[in-house]
Amino acid sequence: MFKKTISLLTLLVVGFSLIAQTDSIPAPQGTPKLEKEKNNNWILIGLGVVSEVHYENDIDGILEFPNVGFDLYVSRKKEGDIIEPGLSLGWQPIGTTQEEYTLISNGDTTSGMLRASNQMIHVYYTPRVTLLKNMPASIYIEGIVGMKGTLLTYQRFDQEDKLIEQDVHGFYGTWNLGYSLGLRWKIINKVGLDIRYARVSSGDLERIDSLNSQGGHLNYTTTAWDAPVGYLRAGLNFIF
(Lines give C-alpha, C1' and ligand atoms only; values in the text may rest on other atoms or scores of the structure.)
Protein backbone atom coordinates (compact mmCIF):
# COMPACT_ATOMS: atom_id res chain seq x y z
CA MET A 1 0.00 0.00 0.00
CA PHE A 2 2.88 2.35 0.84
CA LYS A 3 4.44 1.94 -2.64
CA LYS A 4 1.07 2.53 -4.29
CA THR A 5 0.63 5.72 -2.24
CA ILE A 6 4.04 7.03 -3.33
CA SER A 7 3.36 6.21 -6.98
CA LEU A 8 -0.04 7.91 -6.90
CA LEU A 9 1.39 10.98 -5.19
CA THR A 10 4.19 11.24 -7.78
CA LEU A 11 1.77 10.99 -10.70
CA LEU A 12 -0.57 13.56 -9.18
CA VAL A 13 2.19 16.08 -8.49
CA VAL A 14 3.64 15.73 -12.00
CA GLY A 15 0.22 15.97 -13.62
CA PHE A 16 -0.91 18.96 -11.63
CA SER A 17 2.43 20.69 -12.13
CA LEU A 18 2.06 20.42 -15.90
CA ILE A 19 -1.49 21.71 -15.75
CA ALA A 20 -0.54 24.54 -13.40
CA GLN A 21 1.83 25.92 -16.00
CA THR A 22 -1.18 26.88 -18.09
CA ASP A 23 -2.87 28.52 -15.12
CA SER A 24 -0.73 31.65 -15.08
CA ILE A 25 -2.26 33.76 -17.85
CA PRO A 26 0.04 36.63 -18.88
CA ALA A 27 -1.21 40.03 -17.78
CA PRO A 28 -2.14 42.59 -20.45
CA GLN A 29 0.69 44.75 -21.74
CA GLY A 30 -0.77 47.79 -20.01
CA THR A 31 -0.79 46.21 -16.55
CA PRO A 32 1.56 48.09 -14.18
CA LYS A 33 4.55 46.11 -12.91
CA LEU A 34 3.51 46.56 -9.26
CA GLU A 35 0.07 45.04 -9.96
CA LYS A 36 1.66 42.06 -11.72
CA GLU A 37 3.88 41.42 -8.71
CA LYS A 38 0.92 41.52 -6.31
CA ASN A 39 -1.00 39.01 -8.44
CA ASN A 40 1.91 36.54 -8.44
CA ASN A 41 3.31 36.89 -4.92
CA TRP A 42 1.42 36.17 -1.75
CA ILE A 43 1.49 34.55 1.68
CA LEU A 44 -1.51 32.45 2.71
CA ILE A 45 -2.25 31.88 6.41
CA GLY A 46 -5.13 29.73 7.63
CA LEU A 47 -6.68 28.11 10.68
CA GLY A 48 -9.00 25.13 10.49
CA VAL A 49 -10.63 22.46 12.62
CA VAL A 50 -9.48 18.94 11.81
CA SER A 51 -10.86 15.49 12.60
CA GLU A 52 -10.13 11.95 11.54
CA VAL A 53 -12.73 10.54 9.13
CA HIS A 54 -11.55 6.99 8.59
CA TYR A 55 -9.08 4.34 9.59
CA GLU A 56 -7.39 1.85 7.28
CA ASN A 57 -10.22 -0.70 7.23
CA ASP A 58 -13.08 1.28 8.75
CA ILE A 59 -14.77 4.17 6.95
CA ASP A 60 -17.21 6.31 8.89
CA GLY A 61 -18.59 9.82 8.83
CA ILE A 62 -16.93 12.63 10.70
CA LEU A 63 -19.68 12.66 13.35
CA GLU A 64 -18.56 9.19 14.48
CA PHE A 65 -15.25 10.66 15.65
CA PRO A 66 -15.64 13.47 18.20
CA ASN A 67 -11.90 14.14 18.54
CA VAL A 68 -11.64 17.55 16.89
CA GLY A 69 -8.42 19.55 16.88
CA PHE A 70 -6.88 22.56 15.16
CA ASP A 71 -4.47 23.06 12.28
CA LEU A 72 -2.50 26.29 11.70
CA TYR A 73 -0.91 26.44 8.26
CA VAL A 74 0.95 28.85 6.02
CA SER A 75 2.18 28.75 2.41
CA ARG A 76 4.00 31.18 0.14
CA LYS A 77 3.71 31.85 -3.59
CA LYS A 78 6.48 33.57 -5.53
CA GLU A 79 6.27 34.81 -9.09
CA GLY A 80 7.37 32.13 -11.55
CA ASP A 81 7.25 29.27 -9.01
CA ILE A 82 4.78 26.43 -9.51
CA ILE A 83 5.31 24.82 -6.11
CA GLU A 84 4.29 26.82 -3.03
CA PRO A 85 6.25 25.73 0.08
CA GLY A 86 4.19 25.50 3.25
CA LEU A 87 4.16 24.52 6.91
CA SER A 88 1.42 22.94 9.01
CA LEU A 89 1.24 22.82 12.83
CA GLY A 90 -1.60 20.87 14.42
CA TRP A 91 -3.00 19.55 17.69
CA GLN A 92 -5.76 17.01 18.26
CA PRO A 93 -6.86 15.07 21.38
CA ILE A 94 -7.19 11.31 20.91
CA GLY A 95 -8.74 10.26 24.19
CA THR A 96 -8.75 10.84 27.94
CA THR A 97 -8.33 8.19 30.63
CA GLN A 98 -9.28 8.80 34.26
CA GLU A 99 -9.19 6.76 37.45
CA GLU A 100 -9.81 7.39 41.13
CA TYR A 101 -6.75 7.28 43.37
CA THR A 102 -5.92 7.10 47.07
CA LEU A 103 -2.58 8.48 48.29
CA ILE A 104 -1.23 7.76 51.78
CA SER A 105 1.64 10.01 52.87
CA ASN A 106 2.90 10.59 56.44
CA GLY A 107 -0.24 9.03 57.82
CA ASP A 108 -2.55 11.26 55.79
CA THR A 109 -4.89 9.83 53.19
CA THR A 110 -5.77 11.82 50.08
CA SER A 111 -8.31 10.71 47.51
CA GLY A 112 -9.34 12.20 44.22
CA MET A 113 -9.34 11.79 40.45
CA LEU A 114 -6.38 11.27 38.14
CA ARG A 115 -6.86 12.16 34.47
CA ALA A 116 -4.46 11.54 31.60
CA SER A 117 -4.98 12.81 28.06
CA ASN A 118 -3.48 11.41 24.88
CA GLN A 119 -2.90 14.36 22.57
CA MET A 120 -1.68 14.17 18.99
CA ILE A 121 0.54 16.91 17.59
CA HIS A 122 2.11 17.24 14.14
CA VAL A 123 4.63 19.35 12.24
CA TYR A 124 4.46 19.01 8.43
CA TYR A 125 6.20 20.45 5.42
CA THR A 126 3.45 20.87 2.81
CA PRO A 127 4.54 21.80 -0.74
CA ARG A 128 1.44 22.85 -2.71
CA VAL A 129 0.39 23.19 -6.35
CA THR A 130 -2.69 25.37 -6.97
CA LEU A 131 -4.95 25.32 -10.02
CA LEU A 132 -7.21 28.17 -11.17
CA LYS A 133 -5.45 30.61 -8.85
CA ASN A 134 -7.38 33.66 -10.03
CA MET A 135 -10.82 32.02 -10.01
CA PRO A 136 -13.35 32.20 -7.13
CA ALA A 137 -12.83 28.47 -6.51
CA SER A 138 -9.28 27.10 -6.71
CA ILE A 139 -8.16 23.50 -6.29
CA TYR A 140 -4.86 22.49 -4.75
CA ILE A 141 -2.87 19.36 -4.03
CA GLU A 142 -0.26 19.09 -1.29
CA GLY A 143 2.48 16.72 -0.35
CA ILE A 144 2.83 15.94 3.37
CA VAL A 145 6.19 15.16 4.98
CA GLY A 146 6.92 15.46 8.67
CA MET A 147 6.37 13.99 12.09
CA LYS A 148 3.50 13.20 14.41
CA GLY A 149 3.58 12.38 18.08
CA THR A 150 1.33 11.51 21.00
CA LEU A 151 1.82 13.62 24.10
CA LEU A 152 0.75 12.40 27.56
CA THR A 153 -0.40 15.09 29.97
CA TYR A 154 -1.87 14.33 33.37
CA GLN A 155 -3.87 16.22 35.98
CA ARG A 156 -4.49 15.28 39.60
CA PHE A 157 -7.64 16.55 41.35
CA ASP A 158 -8.74 16.36 44.97
CA GLN A 159 -12.15 15.23 46.22
CA GLU A 160 -13.59 18.67 45.54
CA ASP A 161 -12.39 18.49 41.92
CA LYS A 162 -9.74 21.14 42.56
CA LEU A 163 -6.61 20.84 40.43
CA ILE A 164 -3.60 20.16 42.65
CA GLU A 165 -1.01 18.92 40.13
CA GLN A 166 -0.46 18.77 36.37
CA ASP A 167 2.47 17.97 34.11
CA VAL A 168 3.64 16.52 30.80
CA HIS A 169 4.73 12.93 31.40
CA GLY A 170 5.79 11.51 28.06
CA PHE A 171 6.06 11.91 24.29
CA TYR A 172 6.05 9.28 21.53
CA GLY A 173 6.89 10.41 18.01
CA THR A 174 7.04 8.93 14.51
CA TRP A 175 7.28 9.92 10.84
CA ASN A 176 4.41 10.88 8.53
CA LEU A 177 4.09 10.83 4.75
CA GLY A 178 1.02 11.57 2.64
CA TYR A 179 -0.88 13.88 0.35
CA SER A 180 -4.00 16.02 0.39
CA LEU A 181 -6.55 17.49 -2.00
CA GLY A 182 -8.32 20.73 -1.14
CA LEU A 183 -10.64 23.47 -2.32
CA ARG A 184 -10.39 27.18 -1.54
CA TRP A 185 -13.57 29.19 -2.15
CA LYS A 186 -13.11 32.97 -2.18
CA ILE A 187 -15.62 34.65 0.16
CA ILE A 188 -14.44 38.24 -0.04
CA ASN A 189 -11.23 39.85 -1.19
CA LYS A 190 -8.25 38.01 0.39
CA VAL A 191 -10.49 35.75 2.54
CA GLY A 192 -11.45 32.21 1.58
CA LEU A 193 -13.16 29.07 2.87
CA ASP A 194 -10.84 26.05 2.91
CA ILE A 195 -11.91 22.39 2.80
CA ARG A 196 -9.23 19.69 2.59
CA TYR A 197 -9.02 15.91 2.74
CA ALA A 198 -5.63 14.43 3.69
CA ARG A 199 -4.43 10.83 3.59
CA VAL A 200 -1.44 10.20 5.83
CA SER A 201 0.68 7.12 6.50
CA SER A 202 2.39 6.86 9.90
CA GLY A 203 5.09 4.85 11.59
CA ASP A 204 4.65 3.07 14.92
CA LEU A 205 2.86 4.96 17.68
CA GLU A 206 1.76 4.18 21.23
CA ARG A 207 -1.05 5.53 23.33
CA ILE A 208 -1.81 5.48 27.05
CA ASP A 209 -4.06 2.52 27.88
CA SER A 210 -4.43 2.67 31.67
CA LEU A 211 -2.93 4.56 34.59
CA ASN A 212 -2.82 4.64 38.38
CA SER A 213 -1.05 6.41 41.21
CA GLN A 214 0.91 4.47 43.82
CA GLY A 215 3.07 6.02 46.49
CA GLY A 216 2.80 9.41 44.85
CA HIS A 217 4.14 8.09 41.54
CA LEU A 218 2.21 7.96 38.27
CA ASN A 219 2.20 4.51 36.68
CA TYR A 220 0.72 3.73 33.28
CA THR A 221 0.69 1.15 30.51
CA THR A 222 0.81 1.76 26.77
CA THR A 223 -0.45 -0.18 23.77
CA ALA A 224 0.32 0.03 20.06
CA TRP A 225 -1.93 2.46 18.24
CA ASP A 226 -2.79 2.59 14.56
CA ALA A 227 -3.22 6.27 13.77
CA PRO A 228 -6.07 7.25 11.42
CA VAL A 229 -5.20 7.56 7.73
CA GLY A 230 -7.90 10.02 6.65
CA TYR A 231 -8.42 13.55 7.97
CA LEU A 232 -10.84 16.31 7.05
CA ARG A 233 -10.02 19.98 7.65
CA ALA A 234 -12.33 22.97 7.31
CA GLY A 235 -11.66 26.60 8.11
CA LEU A 236 -10.74 30.05 6.82
CA ASN A 237 -7.54 31.38 5.30
CA PHE A 238 -6.23 34.81 4.40
CA ILE A 239 -3.94 36.07 1.63
CA PHE A 240 -1.41 38.84 2.30
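Here are some exercises on a predicted model of a protein, each with a worked solution.

**Exercise 1. Get your bearings: how many helices and strands does the protein have, and in what order do they run?**

Start with the count: there are 2 helices and 12 strands. Next, walk along the chain from the N terminus, and you meet α-α-β-β-β-β-β-β-β-β-β-β-β-β. Now look at how the chain folds back on itself. Take the contacts between residues at least 6 apart in sequence, and 66% of them join residues at least 24 apart. Finish with burial and surface: of the 240 residues, 38% count as buried. The accessible surface comes to about 13,900 Å², and carbon and sulfur atoms hold 60% of that.

**Exercise 2. Work out where confidence is lowest and where it is highest in the protein.**

Begin with the overall figure. The mean pLDDT is 75, and 68% of the residues reach 70 or more. Then go element by element: helix α1 (residues 2–20) has the lowest confidence, with a mean of 41, while β9 has the highest, at 93. Zoom in on the start of the chain, where pLDDT stays under 50 over residues 1–28. The model still gives that stretch 31 contacts beyond four places in sequence. A second stretch, residues 33–37, also has pLDDT below 50, and here the model shows 4 contacts beyond near neighbours in sequence.

**Exercise 3. Describe the largest pocket: what is its volume, and which residues lie closest to its centre?**

Volume comes first: about 560 Å³ of space lies in this pocket. Its lining has 23 residues, and those closest to the centre are Trp-42, Lys-133, Asn-134, Arg-184 and Ile-239. Now ask which elements take part. Two or more lining residues come from each of α2 (33–40), β1 (42–55), β6 (128–131), β7 (137–158) and β8 (163–188). The largest share is that of β8, with 3 residues. Last, sort the lining by character, and you get 9 nonpolar, 7 polar and 7 charged residues.

**Exercise 4. Do the same for the largest cavity: which strand gives the most to its lining?**

Check the count before anything else: there is 1 cavity of 30 Å³ or more. The largest cavity holds about 130 Å³ of space. It is lined by 15 residues, and nearest its centre you'll find Val-50, Gln-92, His-122, Tyr-124 and Tyr-231. At least two lining residues come from each of β3 (68–77), β4 (86–105), β5 (108–125) and β9 (191–202). The strand you're after is β5, which gives 4 residues. By character, the cavity lining splits into 9 nonpolar, 3 polar and 3 charged residues.

**Exercise 5. Is Arg-128 buried or exposed, and which residues does Arg-128 touch?**

First place the residue: Arg-128 sits in strand β6. Its relative accessibility is 3%, so Arg-128 counts as buried, the cut-off being under 20%. Then list the neighbours, leaving out residues up to four places away in sequence. Arg-128 touches Leu-44, Tyr-73, Ser-75, Ile-82, Ile-83, Glu-84, Tyr-140, Ile-141, Glu-142 and Arg-233.

Follow one of those neighbours, Ile-141, to strand β7. Ile-141 is buried too, because its relative accessible area is 3%. The two residues are 13 apart along the chain, and 5.7 Å separates the C-alpha atoms of Ile-141 and Arg-128.

**Exercise 6. Tyr-125 and Ala-116 are both in strand β5. Which burial class does each belong to?**

Take Tyr-125 to begin with. Its relative accessibility is 44%, between the 20% and 50% cut-offs, so Tyr-125 counts as partly exposed. Beyond residues up to four places away in sequence, Tyr-125 touches Pro-85, Gly-86, Gly-143, Ile-144 and Val-145. Of these, look at Pro-85: it is 40 residues from Tyr-125 along the chain, with 7.5 Å between their C-alpha atoms.

Now turn to Ala-116. Its relative accessible area is 2%, so Ala-116 is buried. For a sense of its surroundings, try Asp-167: Ala-116 and Asp-167 are 51 residues apart along the chain, and their C-alpha atoms are separated by 9.8 Å.

Terms used: Residues are numbered from 1 along each chain as its sequence is written. This is a predicted model: local features need pLDDT of at least 70, side-chain atom pairs count only at pLDDT 80 or more; totals for chains, interfaces and linings use all residues. Side-chain values use heavy atoms; hydrogens and water are left out. On a 1 Å grid over the protein atoms alone, a cavity is a set of points where a 1.4 Å probe fits but cannot get out, and a pocket is an open set with protein on both sides within 12 Å along at least five of seven lines; lining residues have an atom within 4 Å of a point. Grid points are joined across faces, edges and corners, and a volume is the space filled by probe spheres set on the points. Ala, Val, Leu, Ile, Met, Phe, Trp, Tyr, Cys and Pro count as nonpolar, Asp, Glu, Lys and Arg as charged, and the others, Gly among them, as polar. pLDDT is the predictor's confidence in each residue, from 0 to 100. Contact means heavy atoms within 4.5 Å. Buried means under 20% relative accessible area, exposed over 50%, partly exposed in between (1.4 Å probe, protein chains only). Accessible areas come from the Shrake-Rupley method with a 1.4 Å probe; for residues, only the protein chains shown count as cover.
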